[in-house]
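The following exercises are meant to be worked through with the coordinates open, and each task is followed by a solution in steps.

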Amino acid sequence: MSETSPRLRAELEGIPTYKPGRPAAAAGGPVAYKLSSNENPYPPLPGVMETVMAAAGSFNRYPDLACTALSQELAGRFGVPVSHIATGTGSVGVAQQLVQSTSGPGDEVIYAWRSFEAYPIITRISGATPVQVPLTPGEVHDLDAMARAITDRTRLIFVCNPNNPTGTAVRRAELEAFLDRVPKDILVVIDEAYREFIRDPEVPDGVELYRERPNVCVLRTFSKAYGLAGLRVGFAIAHEPVAAALRKTAVPFGVSQLAQDAAIASLNAEDELLGRVGSLVCERNRVVEALREQGWTVPETQANFVWLRLGERTADFAEACERAGVVVRGYAPDGVRITIGETEANDIFLKAAEGYRSRL
Ligand SMILES: Cc1ncc(COP(=O)(O)O)c(C=O)c1O
């Protein structure tokens, strides 16, 4: 056998593989809740489940490549041309297609840091250069610094609103002022994976910003508010030619028929699903308030998670939570992100946080 291995692209060297949130302990182990992946804790709705079961009866067939019915449904809801909807294998799949469509070696992709951990990975896979702009001390996107980071090599800018993992959101006036400063040949992607959890009326709906601005594209997902994380379906709303580029860069048949049908069924069950989101928002507010009462500094969150900047205590805190029965997400050396889950899980977490604080 030869010692030589196949030649791989140099860009892949040093790219970390995406780290999923740790699962809760296996059945039979200690009680554990998974608060590490920003998932929706509610089980699938019975009606959505039935739809998926029915679709499963045809999984010997390829799905509808164009996601026709889903795209039409989305276009109708948002009042956009159906050609402006581009679906993909989760919104992370669409985000990767956006980078592939705009950026290669020598090009730059700007995003805040810390933000969604897939951004550096998909940027570097494309061979492009990540330009990470630190968040403000208040954990919010520093849009001024991001505008200053633009060069003639910039091809794409991610604005994660609200931001994962801090939960913070940028507001209308500052985002519009930022967009006004971005040259029109640079694509701005407003990643709204957590859009449905926003309660601050000053946080703009990216779709409204997209309508007026051909260089703005919005990313949405069915993984969070709609509870379909395991089925992998997300979408972009983008003007031509960006939407057309997304159709070219899509993995053929990447969105299964189960996912397409479940997404439509979920849109039809929106009242119930958004009611669940409302309950999670109440829980979020309760958790934030309790943490602040315990003495923690908690940034304002508009998502289904909260952020604690714990610095060097990050790993230690995450381990303490796990011993108590909740798996949270540590981003050493910055902080810990805790997903809002079932009331019982949130209570276990709050108790662990209180105990930890008392030992400081
Ligand atoms: C900001 C952000 N964007 C996109 C995604 C990707 O979600 P999905 O690929 O499941 O749609 C996530 C998932 O955690 C996220 O936090």
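**Exercise 1. The sheet of seven strands**

How many bridges join strand β5 to strand β6, and do these strands run parallel or antiparallel? Place the pair in its sheet, and then find the helices that pack there.

*Solution.* Keep in mind throughout that this is a predicted model. Begin with the pair itself: five bridges join β5 (residues 154–160) to β6 (residues 187–191), and the two strands run parallel. One residue pair to look up is Ile157, whose bridge partner in β6 is Val188.

Next, widen the view to the whole sheet, which is open, has seven strands in the order β2-β8-β7-β6-β5-β3-β4, and shows mixed pairing. At its edges stand β2 (85–88) and β4, each of which pairs on one side only, and from one strand to the next the twist averages 25 degrees.

Finally, add the helices. Helix α3 packs on this sheet, where it touches β2, β3, β5, β6, β7 (216–221) and β8, and its direction makes about 155 degrees with that of β7. Helix α6 (residues 172–181) lies across β5, β6 and β7, and runs at about 175 degrees to β5.

**Exercise 2. Two helix neighbours of α3**

Classify the orientation of α3 to α4 and of α3 to α8 from their crossing angles, and describe the residues that make each contact.

*Solution.* Take α4 to start with. The axes of α3 (residues 90–102) and α4 (residues 118–125) come within 9 Å and cross at roughly 40 degrees; angles from 65 to 115 degrees count as roughly perpendicular, those under 35 as roughly parallel and those over 145 as roughly antiparallel, and α3 and α4 are therefore oblique to each other. Their crossing is right-handed. On the α3 side the contact uses Val92, Ala95, Gln96 and Val99, which meet Ala118, Ile122, Thr123 and Ile125 in α4; sorted by class, this contact of α3 with α4 has six nonpolar, two polar and no charged residues.

Now turn to α8 (residues 242–249), whose axis comes within 9 Å of that of α3 and crosses it at roughly 105 degrees, so that α3 and α8 are roughly perpendicular to each other. Here Val94, Gln97, Leu98, Gln100 and Ser101 of α3 make the contact with Val242, Ala245, Leu246 and Thr249 of α8, and the residues divide into five nonpolar, four polar and no charged.

**Exercise 3. Backbone geometry in the loops**

Inspect the loops for cis peptide bonds and for a positive phi, and assign each case to its place in the chain.

*Solution.* The peptide bond from Trp113 to Arg114 is cis, with omega near 10 degrees, and Arg114 belongs to the loop between β3 (108–113) and α4. A cis bond also leads from Glu240 to Pro241, with omega near 5 degrees; Pro241 sits in the loop between β8 (234–237) and α8. For phi, consider Glu139, a residue other than glycine with a positive value near 70 degrees, which is found in the loop between β4 (129–134) and α5 (143–148).

**Exercise 4. The sheet of three strands**

Which strands stand at the edges of the sheet β9-β12-β11, and why is one side of each left without a neighbour?

*Solution.* First establish the order: the three strands form an open sheet, β9-β12-β11, with antiparallel pairing. The edge strands are β9 (305–308) and β11 (329–331), and because each has a single partner strand, one side of each is left without a neighbour in the sheet. As a last step, check the pairing of β11 with β12 (residues 335–339), which rests on three bridges, and in which Arg329 has Arg337 as its bridge partner.

Technical notes: Residues numbered from 1 in each chain as written. Predicted model: local features only at pLDDT ≥ 70, side-chain atom pairs only at ≥ 80, totals over all residues. Heavy atoms only, no water. Axes fitted to C-alpha atoms, helices over the stretch in contact; angles between N-to-C directions. Helix = DSSP H or I, 4+ residues; strand = E, 2+ residues; numbered from the N terminus. Left-handed = near helix turned anticlockwise from the far one by under 90°. Contact = heavy atoms within 4.5 Å. Nonpolar A, V, L, I, M, F, W, Y, C, P; charged D, E, K, R; others polar. Pairing = 2+ DSSP bridges.
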